[in-house]
Amino acid sequence: TALLRIAAIENGQRNSAFNDVDLGSIVSAVVDLYEPAAEDKGVKLLSGGITNLKLRGDRDLLFEAISNLVDNAIKFTPRDGTVTIELVRTDENLMLRVADTGPGIPLPEREAVFRRFYRSDKSRNLAGMGLGLSLVAAITRLHGFRVQIADSLQGCTIEMICSPTAARSEEHTSEL
């Protein structure tokens, strides 16, 4: 299913589902969905930043991409760790940032993890097929965003970066 979805996205077959969506409400829905899983694992799930950010996109695909990032963060974060999801504005961009206090992704693997079926040595014993981040990358490209793994002192930080022209912000912020 994931492979078919990636192929459809890469062939531009999902653009017709684009509407005005509120990225903040999608983040809130993802947090609501994953709070029990984080709690069961003993991981704190925090959210904050801009809470009302309108943009043009496919709500279901954006939900899937953000869910995938949060699911991975919880999966790789040890007990008593923290996963943070936030929408932030920088001088140049708007971004969704998912950060965790897990083991991180080594610099040599940061591009490879977005390829289909790639599994690092430390993830081979976990459930999955190596398609999640390639699906995130395809969804991100479809929306005209870019995705990157940012340098982090601890854990992993993945950012979905959106140019300000793609978003119509009616910003309200919340604290983590």
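**Close-up 1. Asp20 and Arg56 meet through their side chains in a salt bridge of 3.6 Å, N to O.** The model shown here and in the other views is predicted. The Asp20–Arg56 pair links distant parts of the chain, 36 residues apart. Asp20 belongs to strand E1 (residues 19-22), and Arg56 belongs to strand E3 (residues 53-57). Asp20 is exposed, because its relative accessible area of 51% is over 50%. Arg56 has a relative accessibility of 45% and therefore counts as partly exposed. A search of the whole structure finds three salt bridges; the next two views show Arg97 with Glu86 and Arg97 with Glu159.

**Close-up 2. Arg97 forms a salt bridge with Glu86.** The closest N and O atoms of this pair are 3.6 Å apart. Arg97 is in strand E5 (residues 94-100) and Glu86 is in strand E4 (residues 82-89), so the salt bridge ties together parts that are 11 residues apart in sequence. Arg97 counts as partly exposed because its relative accessibility is 21%, and the limit for buried is under 20%. Glu86, with a relative accessible area of 16%, is buried.

**Close-up 3. A salt bridge also joins the side chains of Arg97 and Glu159.** The N to O distance is 3.1 Å. Glu159 lies in strand E7 (residues 156-162) and Arg97 in strand E5, so this pair ties together parts that are 62 residues apart in sequence. Glu159 is buried, since its relative accessible area is 7%. Through shared partners, salt bridges join Glu86, Arg97 and Glu159 into one network. Side chains of opposite charge can pair when their charged atoms come close.

**Close-up 4. Asp32, Glu35, Glu39 and Asp40 form a negative surface patch.** Two of the patch residues, Glu35 and Glu39, are described here. Glu39 is in helix H2 and counts as exposed because its relative accessibility is 64%. Glu35 is also in helix H2, which covers residues 23-41. With 37% relative accessibility, Glu35 counts as partly exposed. Patch residues need over 30% relative accessible area, so the 37% of Glu35 meets that limit.

**Close-up 5. Glu35 of helix H2 is shown with Leu45.** The two residues are 10 residues apart in sequence. From C-alpha to C-alpha, Glu35 and Leu45 are 6.4 Å apart in space. Glu35 is one of the residues of the negative surface patch, together with Asp32, Glu39 and Asp40.

Terms used:
Residues numbered from 1 in each chain as written. Predicted model: local features only at pLDDT ≥ 70, side-chain atom pairs only at ≥ 80, totals over all residues. Heavy atoms only, no water. Helix = DSSP H or I, 4+ residues; strand = E, 2+ residues; numbered from the N terminus. Buried < 20%, exposed > 50% of the residue type's maximum accessible area, 1.4 Å probe, protein only. Patch = residues over 30% accessible without salt bridge, like charges linked within 9 Å, V, L, I, M, F, W, Y side chains within 5 Å. Areas by Shrake-Rupley, 256 points an atom, 1.4 Å probe, with all protein chains shown as cover. Salt bridge = Lys/Arg side-chain N within 4 Å of Asp/Glu carboxyl O. Lys, Arg positive; Asp, Glu negative; His and termini not counted. Charge placed at Lys NZ, Arg CZ, Asp CG, Glu CD.
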